[in-house]
Amino acid sequence: MDQTDQSFTEVNSQKSLKRRAEQMDVELSEDIQIDTQEVTRKTVPDFKPITEDKLVSGTLELRKIAVPSNRYTPLKENWMKIFTPIVQHLKLQIRFNLKSRVVEIRTCKDTQDIGAIQKAADFVKAFILGFEVEDALALVRLDELFIESFEIRDVKPLKGDHLSRAIGRIAGKGGRTKFTIENVTRTRIVLADTKIHILGSYQNTRAARTAICNLILGSPPSKVYGSMRQLAARLSERF
């Protein structure tokens, strides 16, 4: 009987030790939580939200967009189409500086939206990159559109005839391949020598970029058309 009693007492002592350890762990975790809460209360400041008047009525903001020589004539012809939405809708001031050859956009006392100047700068930059005014104007109307730019040499270091053939694969006969990618992915693409500019939402831009990269890497247009058909079927099912 003594042996059994001793064995029972040993088991009970082990259980009690485990329970004490668990209780200590729980108490320590509670203490740590309390300490972290007190630290966060002390370190995190409590700032009141700033009103719109204080945000807008600060110093005047200015954006400058350089204009290359090949875009002077298009800018002059479409100046009123660019001028009207920026001044009337975004309540900004805009001018073309003849000396420095840049388009200058700045806020004024009538500016209501703090993000208006960035929208206007993106709109003008998109037009200077080569997009049509109507397509670039979507950057002002919608918030989820972006411009992605990259060079063919960023995908693959091509030179000479290989580079010209890659540009030809992207454009296609009469621009057919480029138009197909634009219509399927719902984007707008500009081919400016070795630079490629894509305007659209994030997912659509990524799909267009993937198709263009495949063409640069040497995929035949017929294979890209097949992947475009699959993508168009997926998009039609989604909508």
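Tutor: A salt bridge here is a side-chain nitrogen of Lys or Arg within 4 Å of a carboxyl oxygen of Asp or Glu. The model is predicted, with local features needing pLDDT of at least 70 and side-chain atom pairs pLDDT 80 or more, while totals for chains, interfaces and linings use all residues. Residues are numbered from 1 along each chain as its sequence is written, and side-chain values use heavy atoms, leaving out hydrogens and water.

Student: Arg 95 forms a salt bridge with Glu 104; which residue of the two is buried?

Tutor: Buried means under 20% relative accessible area, exposed over 50%, and partly exposed in between (1.4 Å probe, protein chains only). Arg 95, at 49%, counts as partly exposed. The residue with a relative accessible area of 11%, and therefore buried, is Glu 104.

Student: How many residues apart in sequence are the parts that Lys 119 and Asp 143 tie together?

Tutor: The side chains of Lys 119 and Asp 143 meet in a salt bridge, at 3.1 Å from N to O. Helices (H or I, at least four residues) and strands (E, at least two) are DSSP runs numbered from the N terminus. Because Lys 119 lies in helix α5 and Asp 143 in the loop between α7 (138–141) and β4 (146–151), the parts tied together are apart in sequence by 24 residues.

Student: At what angle do helix α4 and helix α5 pack?

Tutor: Axes are lines fitted to C-alpha atoms, for helices over the stretch in contact, and angles run from 0 to 180 degrees between N-to-C directions. The axes of α4 (residues 79–89) and α5 (residues 116–129) lie 11 Å apart, and the angle is about 170°.
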